[in-house]
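Could you walk me through this model in my viewer, one selection at a time? I would like to know what to pick next and what sits there.

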Amino acid sequence: MMGISKQEFDFPRGGASVDPSHGKKSKVSNGCISTHAKNQLFGVSKKRKAGSTTSVVADTPSKKRKVEGASIWTRAVTQKYLKDGVMGLGVVVEIYEECVLLETAYSCRVKLPATQISTIFTDLLRSQQISLDSTFIVGQMVPFRVMKEVEEKRNPSDNGKALENLPIVSCDPSKLNAHLTTSTLFQGLVLHAIVSSHEEKGAILDIGVPCVQGFLPIKKQKYDIKVGQPVLVRVDSLSTSRVVIVDSFVEQGNLSLEACANLQLSHLMPGTIIECQPDVKPSASSGVFVTLGNAVRGFVARNHLPAHLRLDLAKVGKILRCVVMFCQQNNSLLVLSAHPDVLAISKPERRASFLGYSIGDTISCKVIYVIPSTPLVCFSLPETNGEKIPTLVAVSYKKYLRKVDQLESFYPIGSEHKCRIISLRYADRCLVVSTRVDIIKHKFVSFKDAVPGDLVSAKITKIHGRGAQVTINETVKGFIPLDHISDKKIAIEKVFTIGKHVKCRVWSVSERMKRVWLSARPSLVNYKGCLISSYNSDNEGVVTVGVVTKILETDAAIIQFFGNVRGLLVASEAKRMASEIK
């Protein structure tokens with residue numbers, strides 16, 4: 001049997017101590033070797049057999065297929081499928097003080113709280129020795145496990161509509177890797193780990209597996225790492241019973257042939273890269289069926305293929321390198337991606353870049369394919385300077401399409417259309433565009449278009465204790481704080497209802513959060529005079545309107561204007577104005 005041997009491993013010492021405790025005991029014996037034979041992956045020395053050429057009929061991708069007694073997952077994953085225990089691979093898209101927002105395949109979004117990274121990280125965060133924005137960067141890949149699914153809450157003011165929350169996830173190795181044993185740590189498996197300490201020749205990692213630690217040699221570190229930092233690694237060698245050598249250049253290796261020979265769905269982890277064998281003849285226009293090994297079958301959706309293969313599925317070769325995006329123990333859930341930007345796991349810049357395109361840009365695109373039942377139209381992007389086909393594509397959905405009732409006649413394959421970029425999809429590697437004339441002509445399609453003081457019409461989408469969330473022109477997210485819903489204290493439910501359009505002014509813009517703060521206070525919205533939104537000497541002597549945000553001990557007041565501009569109202573003037581109001 002090939003597995004982790006019982007030979008002891010001598011750590012390259014450098015003065016740092018290693019805490020062997022993992023917080024929980026494991027049902028293992030004989031040097032932590034599992035006695036459950038069903039979990040053994042090694043024991044087959046021969047190479048993986050050629051994949052089956054069984055034809056799989058796929059008239060629609062919305063159902064699970066039965067192939068040789070096993071089901072193949074072909075559904076698009078939505079938030080309703082993100083139940084407790086589901087594991088996924090997400091891309092960092094936004095970083096806040098207390099959490100990180102991840103985007104997954106099919107553009108689902110999940111929330112990773114700072115307290116769900118690891119115990120070490122939480123302790124360092126509380127002592128201000130580490131922070132989320134110093135640990136994560138946009139485009140970084142993070143595997144996770146769903147800890148709390150979306151809860152649908154009812155609010156008397158929402159006219160019966162459910163208020164959605166994001167699923168809560170964890171990347172803590174002790175939770176994400178809790179089901180793993182020494183017998184399932186096979187070569188090529190991708191794990192999420194936490195740096196426990198530094199040695200002379202590398203770093204000791206907590207991989208969340210009882211009695212086992214990871215060791216990341218310096219030469220296999222992509223960048224300098226510090227204690228408490230999460231790191232995504234690939235199992236490189238299994239030479240001892242208590243130490244696993246790992247590599248942070250994840251995309252430079254695949255799941256081993258020996259592991260594939262006895263592969264089961266329960267062996268897979270998010271981020272693991274596998275060489276799959278596509279069916280000889282494509283049997284579905286929505287994607288490609290593949291064999292991973294040991295008769296384990298999967299499906300790669302068309303929107304998760306490289307851009308040049310989305311144009312023509314017949315061009316898929318004999319081998320398709322895929323990365324696991326979703327999986328779950330004791331479940332048929334398996335989502336794969338073969339996009340090169342996603343496969344380059346250790347290179348966040350590949351996912352943070354969109355070939356220079358930005359939200360609000362207008363581009364000319366050609367139709368690749370149309371799915372009337374969705375409805376969806378996929379476009380190719382313009383080639384520049386005779387270069388190869390761009391790695392990105394553009395997609396448009398029902399609410400963004402012009403003449404959606406004439407889909408096939410208005411969008412024939414190869415036809416060219418003027419489009420406006422509405423949003424960016426990091427994990428699916430595409431641009432969401434609109435062909436609607438009104439959206440193309442809009443001045444306001446991105447938070448970057450917001451100008452403090454401008455009047456806008458906002459649609460209420462959510463109501464909660466801190467205020468109201470809104471959208472502007474269907475594309476821009478905004479927020480009306482509780483103290484800006486009215487000039488007087490009043491229950492928010494008496495002012496706003498879900499779906500209502502509200503006249504507002506842009507109060508401020510957050511570049512970091514990519515969000516617009518709005519005010520619906522009548523005194524600000526209806527003011528006809530000059531508005532202050534910048535520190536400018538030309539404003540001297542201007543009569544304007546602002547909001548008192550703080551009263552100082554001296555009885556002076558801090559006044560806030562548009563664009564986060566603040567001013568000081570001296571005590572004598574504050575008292576005079578207060579007396580006039582009375």
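A residue is called buried here when its relative accessible area is under 20%, exposed when that value is over 50%, and partly exposed in between. Keep that scale at hand, and remember that this is a predicted model.

**Stop 1: colour by confidence**

Start with pLDDT as the colouring. The mean over the protein chain is 84, and 84% of its residues reach 70 or more. Select strand S1 (residues 65–67) and then strand S17 (residues 334–337): among the elements of the chain, S1 has the lowest mean pLDDT, 41, and S17 the highest, 97.

Next, select residues 1–70, where pLDDT stays under 50 and the model has 152 contacts beyond four places in sequence. Residues 154–164 also stay under 50, with 27 such contacts. Where pLDDT is low, the predicted coordinates should not be read in detail.

**Stop 2: two phenylalanine rings**

The structure holds eight aromatic pairs. For one of them, select phenylalanine 289 and phenylalanine 299: the ring centres are 4.8 Å apart and the planes make an angle of 55°, a tilted pair. Phenylalanine 289 belongs to strand S14 (residues 287–293) and phenylalanine 299 to strand S15 (residues 296–301), so the pair ties together parts that are ten residues apart in sequence.

Are these two rings buried or exposed? Phenylalanine 289 has a relative accessibility of 1%, so this residue counts as buried. Phenylalanine 299 is buried as well, at 5%.

**Stop 3: a ring cluster**

Now select phenylalanine 379 and tyrosine 411. Their ring centres lie 6.4 Å apart with the planes at 75°, so this pair is edge-to-face. Phenylalanine 379 sits in strand S19 (residues 376–380), while tyrosine 411 is in the loop between helix H8 (407–410) and strand S21 (416–425), so the pair ties together parts that are 32 residues apart in sequence. Phenylalanine 379 is buried at 0% relative accessible area, and tyrosine 411 is buried at 1%. Add Phe410 to the selection, and you have the cluster that ring pairs form from Phe379, Phe410 and Tyr411.

**Stop 4: arginines over rings**

Stay with aromatic rings, but bring in charge. Arginine 302 lies over the face of tyrosine 369, 4.0 Å from the ring centre. Then move to phenylalanine 354, where arginine 429 lies over the ring face at 4.6 Å from the centre.

**Stop 5: salt bridges**

How many salt bridges does the model have? The count comes to 13. Select aspartate 341 and arginine 350, whose closest N and O atoms are 3.0 Å apart in a salt bridge. Aspartate 341 is buried at 4% relative accessibility, whereas arginine 350 is partly exposed at 31%.

Then add Lys220, Arg234, Asp236 and Asp247, which salt bridges with shared partners join into one network. Within this group, arginine 234 bridges to aspartate 236, with the closest N and O atoms 3.9 Å apart. Arginine 234 also meets aspartate 247 in a salt bridge, at 3.4 Å from N to O. That second pair links distant parts of the chain, with arginine 234 in strand S11 (residues 230–237) and aspartate 247 in strand S12 (residues 243–247), 13 residues apart.

For a last check, look at the accessibility of this pair: arginine 234 is buried at 7%, and aspartate 247 is buried at 8%.

Technical notes: Residues numbered from 1 in each chain as written. Predicted model: local features only at pLDDT ≥ 70, side-chain atom pairs only at ≥ 80, totals over all residues. Heavy atoms only, no water. Salt bridge = Lys/Arg side-chain N within 4 Å of Asp/Glu carboxyl O. Buried < 20%, exposed > 50% of the residue type's maximum accessible area, 1.4 Å probe, protein only. Helix = DSSP H or I, 4+ residues; strand = E, 2+ residues; numbered from the N terminus. Phe/Tyr/Trp six-rings, centres within 6.5 Å; stacked < 30°, edge-to-face > 60°. Lys NZ or Arg CZ within 6 Å of the ring centre and 35° of its normal. pLDDT = per-residue confidence, 0-100. Contact = heavy atoms within 4.5 Å.
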